[in-house]
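Work through the exercises below with the coordinates open. Try each task before reading its solution.

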Amino acid sequence: MPSLNPAPLAVALFLPDLKDLPDRRAAVDLAHGLLRAGVAVDVVAPMGGGPLRSALNPAVGQIDLAKRHAATSALALARVMAERQPTLLSLPREVAWVGRLALWLARSDVRLVVMKGDAEADFAAIRAAAPRWG
């Protein structure tokens, strides 16, 4: 008998890197806020290393695409989207095209939310875009 409980809400945050920059720090704050709200969160980056990696809560999934640049990450990101099947993909405007291409390659209907670099506003945008908030 199939389960009546829907899959938990899951969000993938694609960042071009984990450098200690204000918008990246806001994305880490966003990941922690989503986690506190009971959302499964993965932070996906072309190269998983960087100063902000240690700032991530261990409960936040960290996916290293093993690519040098965000621009070369679309296919690897598409694989992650197909395998993990998050509810939403959120990313900064500067790499929105990579996310769109990845979702197209994955033939995914995952919703895309472009982050503005403000954790509170981004949280509200993700909440508004979520098909269900559990």
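Four exercises follow, all on this predicted model.

**Exercise 1. Strand β4**

Task: Determine whether strand β4 is enclosed or open, and find which strands pair with β4.

Solution:
- Step 1. Locate the strand: β4 covers residues 88-92.
- Step 2. Check the faces. Leu-88, Ser-90 and Pro-92 point one way, while Leu-89 and Leu-91 point the other way.
- Step 3. Apply the cut-off: buried means under 20% relative accessible area. Five of the five residues of β4 are buried, so the strand is largely enclosed by the rest of the structure.
- Step 4. Find one neighbour. Strand β1 (residues 10-14) runs parallel to β4, joined by three bridges. Here Val-11 has Leu-88 as its bridge partner.
- Step 5. Find another neighbour. Five bridges pair β4 with strand β5 (residues 111-115), again in the parallel sense. Opposite Leu-88 in β5 stands Arg-111.
- Step 6. Trace the connection. From β4 the chain passes through α3 to β5, and this β-α-β crossover is right-handed.

**Exercise 2. A nonpolar surface patch**

Task: List the residues of the nonpolar patch and say which helix contributes the largest share.

Solution:
- Step 1. Collect the members: Leu-75, Trp-97, Leu-101, Trp-104 and Leu-105.
- Step 2. Take their accessible area together: about 550 Å².
- Step 3. Assign the members to elements. Helix α3 (residues 96-105) supplies four residues, the largest share.
- Step 4. Test one member. Leu-105 sits in helix α3. Its relative accessible area is 35%. That value lies between the 20% and 50% cut-offs, so Leu-105 counts as partly exposed.

**Exercise 3. Positive phi outside glycine**

Task: For Ala-66 and Arg-107, give phi, location and exposure.

Solution:
- Step 1. Read phi. For Ala-66 the angle is near 55°. For Arg-107 it is about 50°. Both values are positive, and neither residue is a glycine.
- Step 2. Place the residues. Ala-66 belongs to the loop between β3 and α2. Arg-107 belongs to the loop between α3 and β5.
- Step 3. Classify exposure; the cut-off for exposed is over 50%. Ala-66 has a relative accessible area of 60%, so it is exposed. Arg-107 stands at 80%, so it is exposed too.

**Exercise 4. A serine in a loop**

Task: Is Ser-73 buried or exposed, and what does its side chain reach?

Solution:
- Step 1. Place the residue: Ser-73 is in the loop between β3 (61-64) and α2 (74-84).
- Step 2. Classify it. Relative accessibility is 0%, so Ser-73 counts as buried.
- Step 3. Find the contact. The Ser-73 side chain reaches the backbone oxygen of His-69 at 2.8 Å.

Methods
Residues are numbered from 1 along each chain as its sequence is written. This is a predicted model: local features need pLDDT of at least 70, side-chain atom pairs count only at pLDDT 80 or more; totals for chains, interfaces and linings use all residues. Side-chain values use heavy atoms; hydrogens and water are left out. Patches are made of residues with over 30% relative accessible area and no salt bridge: like charges are joined within 9 Å, nonpolar side chains (Val, Leu, Ile, Met, Phe, Trp, Tyr) within 5 Å. Accessible areas come from the Shrake-Rupley method with a 1.4 Å probe; for residues, only the protein chains shown count as cover. A salt bridge is a side-chain nitrogen of Lys or Arg within 4 Å of a carboxyl oxygen of Asp or Glu. Helices (H or I, at least four residues) and strands (E, at least two) are DSSP runs, numbered from the N terminus. Buried means under 20% relative accessible area, exposed over 50%, partly exposed in between (1.4 Å probe, protein chains only). Two strands pair if DSSP finds at least two bridges between them. A crossover is right-handed if, with the strands pointing away from the viewer, the path from the first strand over the helix to the second runs clockwise. A polar contact is a pair of N or O atoms within 3.5 Å; within protein, one must be able to donate a hydrogen and the other to accept it, and residues adjacent in sequence count only if both atoms are side-chain atoms.
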